[in-house]
Amino acid sequence: MSRTFRVACVQTNSARDIAAKTKLPKSRVSAVVRELKKAKRIYQGGDRRFARYAADAKTAEQASQRARKQVTNPRKMKRS
């Protein structure tokens, strides 16, 4: 694993952000993230579209909660 990838994991939280930052395919990022989680080198907070990764579980969970709060509730949106 390159230093660039590790820095991207810490500085950006979602797999999509990591893929964009490192310019690696999302499939490769997912595979590396899976291995890092298995080795307990990074932690996942939340799941599916709110999954966020960080160096510790508390930070990952906080990032996931922030992502959930940023999503707009579609029922409250006005239709024109």
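The questions and answers below go through a predicted model and explain how some of its features get their labels. Residues are numbered from 1 along each chain as its sequence is written, and side-chain values use heavy atoms, with hydrogens and water left out. Because the model is predicted, local features need pLDDT of at least 70 and side-chain atom pairs count only at pLDDT 80 or more, while totals for chains, interfaces and linings use all residues.

Q: Why is threonine 22 called buried?
A: Buried means under 20% relative accessible area, exposed over 50%, and partly exposed in between, with a 1.4 Å probe and protein chains only. Threonine 22 has 16% relative accessibility, and therefore counts as buried.

Q: What makes the pair formed by the backbone oxygen of isoleucine 18 and a polar atom of the side chain of threonine 22 a polar contact?
A: A polar contact is a pair of N or O atoms within 3.5 Å, where one must be able to donate a hydrogen and the other to accept it within protein, and where residues adjacent in sequence count only if both atoms are side-chain atoms. The two atoms lie 2.8 Å apart.

Q: How do you know that the span of helix H3 agrees with its number of residues?
A: The expected span is 1.5 Å times one less than the number of residues, so the 13 residues of H3 (residues 26-38) should span 18 Å, and the end C-alpha atoms are 18 Å apart, which agrees.

Q: Why are Val29, Val32, Val33 and Leu36 placed on the same side of H3?
A: These buried residues of H3 cover an arc of only 105 degrees around the axis, taken from the directions from the helix axis to the C-beta atoms, which puts them on the same side. On the other side of H3, Ser27, Arg34, Glu35 and Lys38 are exposed.

Note on methods:
Helix = DSSP H or I, 4+ residues; strand = E, 2+ residues; numbered from the N terminus.
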